[in-house]
Amino acid sequence: MAGGVRPLRGLRALCRVLLFVSQFCILSGGEQSQALAQSIKDPGPTRTFTVVPRAAESTEIPPYVMKCPSNGLCSRLPADCIDCTTNFSCIYGKPVTFDCAVKPSVTCVDQDFKSQKNFIINMTCRFCWQLPETDYECTNSTSCMTVSCPRQRYPANCTVRDHVHCLGNRTFPKMLYCNWTGGYKWSTALALSITLGGFGADRFYLGQWREGLGKLFSFGGLGIWTLIDVLLIGVGYVGPADGSLYI
């Protein structure tokens, strides 16, 4: 009997040890989970990182590049494509030489077809507004009278042509004579004045309907007005009513 009790006591002691060990593991695991939960709930001081975007490289093409022929002769480049060191103390009307350099994004060559950045140009010493009329373009006006005494002028803005080099501003104001046309032909007006001038056809053609009615109802001023108009239209004194020139 005593020999059967001893194994039971040993089994109970083993169970107590296992129970103690399991409780200890549970308690230690709970403390670790609480610590983990506390660290998740309070992560501590955070660091912020600012990402600075990289500056984008400019791929814009300058507007003057459209006027600059690629791989052309440097000496023939338009004035908008080059920068020149000018000397305003040169003698007017005399040949002068200036040092020039091409602008960025412009490519050109010399006489031997070698790439070139710096070169010289030969020109005449004069300001842009002193150029002949064939070297610049000006705005037109259709609101002034071309047939008048004295001849009328109008203010125009003129721009030097691209291939012409000069000193000073390439755009300048200038007073020009009225020289626009409305499409009236001098030969047609003269023919109408000779053939149908007694009925005022010439005046009607030129847009002068009041004078045309006067000639119509007076039979050309009994022929006198008709002869006078033939002479006036023939010498160009009488022109279109809108003030334009004949074609």
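**Close-up 1. The disulfide between Cys 68 and Cys 81 in the predicted model.**
In this predicted model, Cys 68 and Cys 81 are joined by a disulfide, with an S to S distance of 1.9 Å. The two sulfur atoms count as bonded because they lie within 2.5 Å. The angle about the S-S bond of Cys 68 and Cys 81 is -105 degrees, and the link is left-handed. The disulfide ties together distant parts of the chain: Cys 68 belongs to the loop between α1 (2–41) and β1 (72–73), and Cys 81 to the loop between β1 and β2 (82–85). In sequence, Cys 68 and Cys 81 are 13 residues apart. Cys 68 has a relative accessible area of 12%, so this residue is buried. Cys 81 is also buried, because its relative accessibility is 0%.

**Close-up 2. The disulfide between Cys 84 and Cys 100.**
Here a disulfide connects Cys 84 with Cys 100, and the S to S distance is 2.0 Å. The torsion about this S-S bond is about 105 degrees, so the disulfide of Cys 84 and Cys 100 is right-handed. The partners come from distant parts of the chain, 16 residues apart: Cys 84 sits in strand β2, and Cys 100 sits in strand β3 (residues 95–102). Are the two cysteines buried or partly exposed? Cys 84 is partly exposed, because its relative accessible area is 28%. Cys 100 has a relative accessibility of 4% and therefore counts as buried.

**Close-up 3. The disulfide between Cys 138 and Cys 158.**
The sulfur atoms of Cys 138 and Cys 158 are 1.9 Å apart and form a disulfide. With a torsion of about 105 degrees about the S-S bond, the link between Cys 138 and Cys 158 is right-handed. Strand β6 (residues 136–138) holds Cys 138, and strand β7 (residues 153–160) holds Cys 158. The pair is 20 residues apart and links distant parts of the chain. Cys 138 is partly exposed, at a relative accessible area of 24%. The value for Cys 138 falls in the partly exposed class because buried means under 20% and exposed means over 50%. Cys 158 has 0% relative accessibility and so counts as buried.

**Overview. The disulfide count of the model.**
How many disulfides does the rule give? The count is six, including the links Cys 68 to Cys 81, Cys 84 to Cys 100 and Cys 138 to Cys 158.

Definitions and conventions
Residues numbered from 1 in each chain as written. Predicted model: local features only at pLDDT ≥ 70, side-chain atom pairs only at ≥ 80, totals over all residues. Heavy atoms only, no water. Helix = DSSP H or I, 4+ residues; strand = E, 2+ residues; numbered from the N terminus. Buried < 20%, exposed > 50% of the residue type's maximum accessible area, 1.4 Å probe, protein only.
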